[in-house]
Amino acid sequence: MVGMQFPHLSILLFTAALVSPATLFAQRPQQRLPEGTVAKRDIPYVTKGHDRQKLDLFLPKSADGAKPLPLVIWVHGGAWRAGSKDNCPALRLLEKGYAVASIGYRLTDTAIYPAQLEDCKSAVRWLRSHAKEHGLDPQRFAAWGSSAGGHLVALLGTTGDVKDYDKGENLEVGSEVQAVVDFFGPIDFCQMEAQDSPEFGKMDHDAANSPESLLVGGAIQDNKDKVAKASPLTYITKNDPPVLMVHGDRDPLVPHGQSELLATALKKAGINNELKTVKGGGHGNGFPPEVQDWVDSFLAAQLQKKP
């Protein structure tokens, strides 16, 4: 059994510099789905919105409407400037009785933060508003993302009680989630440069054209107020949901210390959380098979109803 692999952000950044994100991901093959899966693709979660404001929803064969299903929402990575809702690694959870949604969001070539968080929240609200129609349990939503997606799901977890980012439709329901799985997401952009280790590779996070700077609309060290608004640390309260973090200790793009910051802050607030460190792991590569077990155990503990 091979280990889990996630798109290597350095490769995405290099490739995205040569071709547009639309070209980069347009030809991705569709994944093989478990037999009997109901796939509902390219659902707009914003009426007449941007082409990125769409989601895919997958329902397992066992979905018969009698028992509302827990839902895992996948948020892709790609430095907020590339990536796709296609090739969702959470689809394997269909065989474990979960519904799965994979959401798109506007990238930094179209809009700066907080557009990305607003889109994620709009998608969550759409799913919650349409939960009964699709046999979903609106009280059992988890968000899982990697890299830039890890940053966004961490924000979903800590801003569930913050209404400033709920914009647009389906405002009669909330955008909170009941569990978060954050794979190597950036947490405090202004500390990334200091945490970088030249031993593993180094990128200039403080540069005006870094992914983090492009997200907030200017060099991060010159825009610390905007960086604070984009940090999950800003919004942590005792009411936040449980969080599982997974991070390689040799990550060359998002320092392992970023997850340590989040784990420390969550612990201080009394939030159930766990940081799983992948020894020798990079930026989504070199992850052993047991990472799947970590995710499965966490989701089962948080989302599966007890008899």
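I took buried to mean under 20% relative accessible area, exposed over 50%, and partly exposed in between. The model I examined is a predicted one.

**Entry 1. Leu261**

I looked up L261 first and placed it in helix α9, residues 256–268. Its relative accessible area is 22%, so I recorded L261 as partly exposed. I then listed its contacts, leaving aside neighbours within four places in sequence, and found D188, Q191, Q195 and L233. I also checked I187, which is 74 residues from L261 along the chain; the two C-alpha atoms are separated by 7.4 Å.

**Entry 2. The sheet**

I traced the strand order next. Eight strands form an open sheet in the order β1-β2-β4-β3-β5-β6-β7-β8, with mixed pairing. β1 (38–44) and β8 (273–278) stand at the edges with a single partner strand each, so one side of each has no neighbour in the sheet. I noted an average twist of 15 degrees from one strand to the next.

I then followed the pairing outward from β3 (residues 69–75). β3 is joined to β4 (residues 99–103) by five bridges, and these strands run parallel. With β5 (residues 136–146), β3 pairs in the parallel sense over six bridges. I used V72 as a reference point: V72 stands opposite V100 in β4, and its bridge partner in β5 is A142. A142 in turn stands opposite A179 in β6. β5 and β6 (residues 179–183) run parallel and are joined by five bridges.

**Entry 3. Cover on β3**

Is β3 covered on one face or on both? I recalled that in a regular strand the side chains alternate between the two faces of the sheet. I found L69, L71, I73 and V75 buried on one side, and P70, V72 and W74 buried on the other. Both faces of β3 are thus covered, and seven of its seven residues are buried.

**Entry 4. Helix α3 and Asp119**

I looked for what α3 (residues 115–129) packs against, and found that this helix lies on the sheet, touching β1, β2 (54–59), β3, β4 and β5. The direction of α3 makes about 150 degrees with that of β5. I selected D119, which lies in α3, and found it buried at 1% relative accessibility. Not counting residues up to four places away in sequence, D119 touches Y45, Q53, Y105 and R106.

**Entry 5. Cysteines**

I searched the whole structure for disulfides and found zero. I looked up two cysteines: C88 is buried, with a relative accessible area of 2%, and C120 is buried, with a value of 0%.

**Entry 6. Aromatic pairs**

I counted eight aromatic pairs in the structure. For W74 and W144, the ring centres are 5.3 Å apart and the planes stand at 90 degrees, so I classed the pair as edge-to-face. This pair links distant parts of the chain, with W74 in β3 and W144 in β5, 70 residues apart. Both W74 and W144 are buried. I next examined F183 and F184, a tilted pair at 6.2 Å centre to centre with 45 degrees between the planes. F183 and F184 are likewise buried. Ring pairs link W74, W144, F183, F184 and F287 into a cluster.

**Entry 7. Salt bridges**

I recalled that side chains of opposite charge can pair when their charged atoms come close. My count came to ten salt bridges, of which I looked up several.

The side chains of D42 and K85 meet at 2.6 Å, N to O. D42 lies in β1 and K85 in the loop between β3 and β4, so the pair ties together parts that are 43 residues apart in sequence. D42 is partly exposed at 44% relative accessibility, whereas K85 is buried at 12%.

K96 forms a salt bridge with D296, where the closest N and O atoms are 3.7 Å apart. K96 is in the loop between β3 and β4 and D296 in helix α10 (residues 290–303), 200 residues apart. I recorded K96 as partly exposed at 45% and D296 as buried at 15%.

I ended with E274 and K276, whose side chains meet in a salt bridge at 3.2 Å, N to O. E274 is partly exposed at 41% relative accessibility, and K276 is partly exposed at 23%. Salt bridges that share partners join D42, D56 and K85 into one network.

Notes. Residues are numbered from 1 along each chain as its sequence is written. This is a predicted model: local features need pLDDT of at least 70, side-chain atom pairs count only at pLDDT 80 or more; totals for chains, interfaces and linings use all residues. Side-chain values use heavy atoms; hydrogens and water are left out. Buried means under 20% relative accessible area, exposed over 50%, partly exposed in between (1.4 Å probe, protein chains only). Helices (H or I, at least four residues) and strands (E, at least two) are DSSP runs, numbered from the N terminus. Two strands pair if DSSP finds at least two bridges between them. Axes are lines fitted to C-alpha atoms, for helices over the stretch in contact, and angles run from 0 to 180 degrees between N-to-C directions. Contact means heavy atoms within 4.5 Å. A disulfide is a pair of cysteine sulfur atoms within 2.5 Å. Rings of Phe, Tyr and Trp (its six-membered ring) pair if their centres lie within 6.5 Å; planes under 30 degrees apart count as stacked, over 60 as edge-to-face and the rest as tilted. A salt bridge is a side-chain nitrogen of Lys or Arg within 4 Å of a carboxyl oxygen of Asp or Glu.
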